[in-house]
Amino acid sequence: MSELLSHLQLGFGVALTLQNIGFCFIGCLVGTLVGVLPGVGPIATIAILLPITFGLEPVSALIMLAGIYYGAQYGGSTTAILVNIPGEATAVVTTLDGHQMAKQGRAGIALGIAAIGSFIAGTFATLLIAAIGAPLSRLALLFGAADYFSLMVLGIVFAVVLASGSILKAIAMITVGILLSTVGLDLETGEPRMTLGLDRLTDGIDFAVLAMGLFGFAEILRNLDDPEPRETVRERIGRLLPNRADFKASSLPIARGTVIGAILGILPGNGAVLGPFASYTVEKRIAADPSRFGKGAIEGVAGPEAANNAGAQTAFIPLLTLGIPPNAVMALMVGAMTIHGVVPGPQVMTRNPDLFWGMIASMWIGNLMLLVINLPLIGLWVRFLKVPYRLMFPAILAFCCIGIYSVNNQPFDVALAAFFGLVGYALIKLRFEPAPLLLGFVLGELMEEYLRRAMLLSRGDPMVFVERPLSATLLVLAALILLVALLPSLRRKRDEAFQE
Amino acid sequence: MDPAPAKRRPPPLARTDVVAGLALIALGAAAFWLTADLAGSRGPLLGPGSLPRAAAGIILGLGALIAILGWLHDDVPAAPWRLRGPLFLLGAVLVFALLVRTLGLAVATPAAILIGGLASRETRPVEIVVFAVLLTAFCIALFRYALGLPIPIAPWAGL
């Protein structure tokens with residue numbers, strides 16, 4: 001306990017410098033600003049805004065990126081409630097009752113309870129990360145190369161099972177990501193692999209280039225092809241602060257949503273995506289009158305929003321303690337950390353304690369800021385929502401171009417991102433999800449490293465993966481989950497869950 | 001979308017999953033070809049070619065499976081590709097890449113915005129020109145001066 005307190009004290013000491021509070025504030029602000037734009041989800045938001053953190057110190061950059069992430073999440077909820085467009089899978093649930101509330105003139109209350117629920121969930125999740133971060137990091141030090149490899153296999157299996165759409169296509173996307181990660185010089189022999197004779201490819205494909213091509217440019221192309229119908233709420237936003245009855249109705253759903261979301265978020269696969277769905281289902285099932293759901297029930301906004309935010313934050317746990325990104329957003333965080341010379345993993349806590357605890361403390365500050373800045377600024381966000389797409393997309397275009405160029409000051413990178421934009425457009429047309437590709441790309445590099453190291457240590461004996469108890473357990477777990485997910489009866493249930 | 005009778009299945013090569021599977025097969029084959037000269041496993045140890053070829057093999061297999069399943073079950077017609085969006089938007093990105101070093105942000109940014117603007121039918125000529133000027137000024141102020149990134153603004157004017 002005292003250890004926890006001293007860690008938090010260290011963290012707040014780092015995060016509460018005037019400079020870092022400033023970066024956290026700017027991050028939350030611009031994150032919300034971009035996240036509010038319809039059709040721009042958290043992944044695209046972080047990819048677009050990544051370059052503005054390049055010039056900063058690593059700690060400040062990560063604090064700002066985390067702020068951008070929360071801002072983007074919250075901005076997505078705002079769009080879901082006001083325009084009925086979910087920025088990403090986790091905001092789908094919020095559109096159900098949130099947009100109905102908005103249509104009834106209770107948009108302000110919906111936004112207010114979403115912010116308050118998110119703050120409570122964020123506070124709990126921050127404490128959880130602080131409490132189990134250190135023990136988990138120590139546990140992670142026991143992991144050998146083979147165990148790491150098996151853990152990543154388990155993570156990939158989770159991500160595949162939880163991806164929306166076809167399982168086969170999700171596996172294909174992850175594998176394509178892994179394939180792309182092998183482009184460039186070989187780790188051990190230094191031979192160029194699949195570089196097409198291009199000098200600039202010997203360092204491999206830059207992560208930011210891939211992300212901005214797939215999520216920046218391709219998203220614009222998608223939106224230009226089929227403009228989404230915008231049902232911006234015409235009613236007044238109304239009062240922001242929920243009244244007593246609203247609080248009474250939402251307090252338990254927020255508590256339940258927080259716990260559900262926090263637990264699911266820790267899963268090595270993309271567990272965070274399940275949180276809002278699970279919370280919504282629970283609330284609907286235990287409600288006295290389930291028929292109110294879908295017609296503007298405040299519980300249907302409060303619970304899932306809390307679950308969403310709790311999961312969004314506990315998803316940092318596998319990243320910070322094991323160095324393994326559980327989803328595409330965390331994969332972006334790995335990319336950002338690498339750019340700043342920080343290798344995520346258990347050693348971060350011992351080697352850069354100020355960075356580790358500073359980031360955790362800033363999570364809570366970021367959540368507080370969202371509550372403080374977003375509610376008063378809601379009028380500004382609404383005005384932002386009304387910016388026509390014909391002006392929005394040239395702005396995104398310009399930002400992405402300059403951003404990619406600034407990663408390495410290489411025009412080649414910009415051209416390569418254009419190529420990945422075309423690839424992303426093809427993926428959308430062929431109904432592939434690009435997010436698993438990004439996850440596979442980041443995991444692929446780590447997996448090859450651990451796989452080859454494990455094989456080297458075992459002198460080429462592949463039995464090492466089943467002889468080590470930890471590795472064997474993880475692999476069996478992965479196999480079981482994949483098997484269960486492929487069972488026809490469960491598949492139908494899963495499809496239903498994503499339909500809902 | 002299409003008001004035509006829904007029962008009619010599109011021809012095999014116009015079904016989303018058939019095309020998707022074939023695309024994966026092409027990618028897998030290309031990866032095999034590109035990694036042909038890399039050493040695979042040397043004895044018991046993995047070589048530089050091992051993992052890429054394993055991934056390529058999985059992609060080939062999945063591609064075949066998706067294409068066959070699509071041939072048998074898929075009814076979703078492949079979405080039409082539009083030329084205008086990709087052509088002008090990605091063309092704008094390429095123009096930016098070509099110009100940024102030599103002519104700097106002051107030229108490359110508005111050029112990209114104006115060419116990119118052609119990607120949408122809704123773009124209005126006067127509006128986009130004004131917007132390009134304002135946005136360029138904003139980007140220069142933000143990236144060069146506020147963030148201090150070493151991007152050339154106008155090398156021809158010594159900036």
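Is Phe356(A) buried or exposed, and how many other C-beta atoms lie within 10 Å? In this predicted model, Phe356(A) is buried, since 27 other C-beta atoms lie within 10 Å and 20 or more are required for that class. The residue belongs to helix H16 of chain A, which runs over residues 353-374. Beyond the neighbours within four places in sequence, Phe356(A) makes contact with Leu320(A), Val348(A) and Met349(A). A C-alpha separation of 9.5 Å is found between Phe356(A) and His7(A), although their positions lie 349 residues apart along the chain. The helix that carries Phe356(A) is itself mostly covered, with 16 of the 22 residues of H16(A) buried. From first to last C-alpha, H16(A) reaches 31 Å, which is close to the 32 Å expected at 1.5 Å a residue.

Confidence was examined for the model as a whole and by chain. The scores are ipTM 0.91 and pTM 0.84. Mean pLDDT is 84 for chain A, where 94% of the residues score at least 70. For chain B the average is 87, and 93% of the residues score at least 70. Within chain A, the element with the lowest mean pLDDT is helix H23 (residues 488-499), at 57, and the element with the highest is H19(A), at 94. In chain B, pLDDT stays under 50 over residues 1-6, and the model has zero contacts beyond four places in sequence for this segment. Where pLDDT is low, the predicted coordinates should not be read in detail.

The contact between the chains draws on 54 residues of chain A and 59 residues of chain B. On the side of chain A that touches chain B, at least two residues each come from helix H8 (167-181), helix H9 (207-225), helix H18 (389-408), helix H19 (411-429) and helix H20 (434-457). Of these, H18(A) gives the most, with eleven residues. The composition by class of this side of chain A is 34 nonpolar, eight polar and twelve charged residues.

Helix H20 of chain A was considered further. Its 24 residues should span 34 Å at 1.5 Å a residue, and the distance of 35 Å between the end C-alpha atoms agrees with this. H20(A) nevertheless contains a kink of about 30°, centred on Leu443(A). Burial is extensive along H20(A), in that 19 of its 24 residues are buried. Just after this helix, Arg459(A) takes a positive phi of about 55°.

Positive phi values also occur in loops of chain A. Arg431(A), which is not a glycine, has a phi of about 60° and is located in the loop between H19 and H20 of chain A. This residue counts as partly exposed because it has 17 C-beta neighbours inside 10 Å, a count between the limits of 12 for exposed and 20 for buried residues. Met194(A), likewise not a glycine, has a positive phi of about 50°. Met194(A) is placed in the loop between strand E2 (192-193) and H9 of chain A. With 21 C-beta neighbours inside 10 Å, Met194(A) counts as buried.

Helix H11 of chain A covers residues 274-286, and its 13 residues should span 18 Å at 1.5 Å a residue; the end C-alpha atoms are 18 Å apart, which agrees. The buried residues of H11(A) include Leu274(A), Pro276(A), Phe277(A) and Tyr280(A). Two charged residues, Glu283(A) and Lys284(A), are also among the buried residues of this helix.

Chain B is divided into domain 1 (12-73) and domain 2 (84-157). The centres of these two domains of chain B, taken over C-alpha atoms, are separated by 38 Å. Asp37(B) occupies the loop between helix H1 (16-34) and helix H2 (50-73) of chain B. Asp37(B) is exposed because 9 other C-beta atoms lie within 10 Å, and the limit for this class is 12 or fewer. Between Asp37(B) and Leu22(B), which are 15 residues apart in sequence, the C-alpha to C-alpha distance is 25 Å.

Terms used:
Residues are numbered from 1 along each chain as its sequence is written. Chains are lettered from A and ligands numbered from 1 in the order in which they are written. This is a predicted model: local features need pLDDT of at least 70, side-chain atom pairs count only at pLDDT 80 or more; totals for chains, interfaces and linings use all residues. Two residues are in contact if their C-beta atoms, placed from the backbone, lie within 7 Å. Helices (H or I, at least four residues) and strands (E, at least two) are DSSP runs, numbered from the N terminus. Domain bounds come from an automatic or database domain assignment. The expected span of a helix is 1.5 Å times one less than its number of residues. The bend at a residue is the angle between axes fitted to the seven residues ending there and the seven starting there. pLDDT is the predictor's confidence in each residue, from 0 to 100.
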